[in-house]
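Welcome! Take a moment to look over the molecule below, then try each exercise before you read its solution.

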Amino acid sequence: MPRPRAFDERHVLERAREQFWATGYAGTRMDDIARATGLGKGSLYGAFGDKGKLFHRVFGDWCTAVVEVAEGRLAGGPDAEALARLSEYVHLMAENTALDTERRGCLLAKGAAEMAQRDPTVAGRSAETMTALLTLLRTEISAAQRHGDIDSAADPERLAALLLTVVRGIEAVGKAGLGPETVRNIADTALAVLPTPGGPKRLAPGCGPPGRAT
């Protein structure tokens with residue numbers, strides 16, 4: 001019978017995530033993970049496999065959290081509140097970037113940029129995550145169209161892709177050095193240009209309470 005692990009797996013994965021997040025996959029050695037977690041390399045290999053498998057675990061957990069954050073804001077509900085849910089989510093993402101003073105960005109974007117071209121697991125998980133986010137956005141846009149807040153003649157797939165690009169792009173430009181107010185204004189503008197039967201709906205800046213993603 002295998003012995004129970006004498007460490008907190010979640011804590012170890014969080015420390016490994018922080019190391020990968022700080023130094024990237026290529027810049028991280030198992031020695032670095034061992035120091036960050038306080039475990040010997042033998043214990044790490046025994047529990048999680050090699051560096052690649054450990055990164056896949058950390059990256060997969062992060063992707064799951066990204067989708068869960070979106071589901072928390074875009075979980076459906078009355079059609080009359082769909083536009084407000086979209087606004088809250090887009091502003092949440094902008095606020096997270098504005099508050100990221102260390103400019104670390106998102107592990108999803110960093111991991112995909114570094115690894116997706118040569119790692120099918122990372123590429124597949126990234127695509128799966130983007131597809132899930134696109135589906136959530138499209139569902140809320142369709143609900144807002146049914147209520148008349150967004151023009152029913154507009155293609156919800158294209159609008160969802162636009163908002164997804166804005167949300168993910170906000171993080172990139174914020175990490176590159178754009179200031180918090182510019183990042184927030186990008187979110188306001190993206191929402192303001194959504195087509196409505198009576199013309200673009202001008203939402204008030206910062207519409208929807210901000211929050212922190214996992």
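## Exercise 1: A bridge between two helices

Arg73 and Glu88 form a salt bridge whose closest N and O atoms are 3.1 Å apart. Find out which parts of the chain this pair ties together.

Solution. Start with the rule: a salt bridge is a side-chain nitrogen of Lys or Arg within 4 Å of a carboxyl oxygen of Asp or Glu. Next, place the two residues: Arg73 lies in helix 4 and Glu88 in helix 5 (residues 82–98), so the pair ties together parts that are 15 residues apart in sequence. Helices here are DSSP runs of H or I with at least four residues, strands are runs of E with at least two, and both are numbered from the N terminus. Finally, Arg73 has a relative accessibility of 21% and counts as partly exposed; buried means under 20% relative accessible area, exposed over 50%, and partly exposed in between (1.4 Å probe, protein chains only).

Before you go on, please note that this is a predicted model, in which local features need pLDDT of at least 70 and side-chain atom pairs count only at pLDDT 80 or more, while totals for chains, interfaces and linings use all residues. Residues are numbered from 1 along each chain as its sequence is written, and side-chain values use heavy atoms, with hydrogens and water left out.

## Exercise 2: More salt bridges

Work out how many salt bridges the rule gives, and place two further pairs, Arg125 with Glu128 and Glu157 with Arg138.

Solution. The count comes to 16 salt bridges. In the Arg125–Glu128 pair, the closest N and O atoms are 3.4 Å apart. Both residues sit in helix 7 (residues 120–147), three residues apart, so about one helical turn separates them. Glu128 is partly exposed, at 49% relative accessible area.

Now take Glu157 and Arg138, whose side chains meet at 2.8 Å, N to O. This pair links distant parts of the chain, with Glu157 in helix 8 (residues 156–176) and Arg138 in helix 7, 19 residues apart. Glu157 is partly exposed with a relative accessible area of 33%, and Arg138 is partly exposed with 25%. As a last step, look for shared partners: salt bridges join Glu9, Arg10, Arg57 and Asp61 into one network.

## Exercise 3: Helix 1

Check the span of helix 1 against its number of residues, then find what covers its buried residues.

Solution. The expected span is 1.5 Å times one less than the number of residues. For the 15 residues of helix 1 (residues 9–23) this gives 21 Å, and the end C-alpha atoms are 21 Å apart, which agrees. At the start of the helix, a side-chain oxygen of Asp8 comes to within 3.0 Å of the backbone nitrogen of Arg10. Just after the helix, Gly24 has a positive phi of about 75 degrees.

Now look at burial: Val12, Leu13, Ala16, Gln19, Phe20 and Trp21 are the buried residues named for helix 1. Their cover includes helix 2 (30–37), helix 3 (41–48), helix 4 (51–73) and helix 6 (107–115). Arg15, also found in helix 1, is partly exposed at 34% relative accessible area. Arg15 touches Ala36 and Thr37, leaving aside residues up to four places away in sequence; contact means heavy atoms within 4.5 Å.

## Exercise 4: The sides of helix 3

Which residues of helix 3 are buried, and which exposed residues does the face turned away from them carry?

Solution. Leu44, Ala47 and Phe48 are buried. They cover an arc of only 75 degrees around the axis, which puts them on the same side of helix 3; the arc is that of the directions from the helix axis to the C-beta atoms. The face turned away carries the exposed residues Gly42 and Gly46. On the buried side, packing is against helix 1, helix 2 and helix 4.

## Exercise 5: Aromatic rings

Decide how the rings of Phe20 and Phe55 are arranged.

Solution. Rings of Phe, Tyr and Trp (its six-membered ring) pair if their centres lie within 6.5 Å; planes under 30 degrees apart count as stacked, over 60 as edge-to-face and the rest as tilted. The structure holds five aromatic pairs. For Phe20 and Phe55 the centres are 5.1 Å apart and the planes are at 80 degrees, so the pair is edge-to-face. Phe20 is in helix 1 and Phe55 in helix 4, 35 residues apart. Ring pairs also link Phe20, Tyr25, Phe55 and Phe59 into a cluster.

Methods:
Polar contact = N/O pair within 3.5 Å; in protein donor to acceptor, adjacent residues only side chain to side chain.
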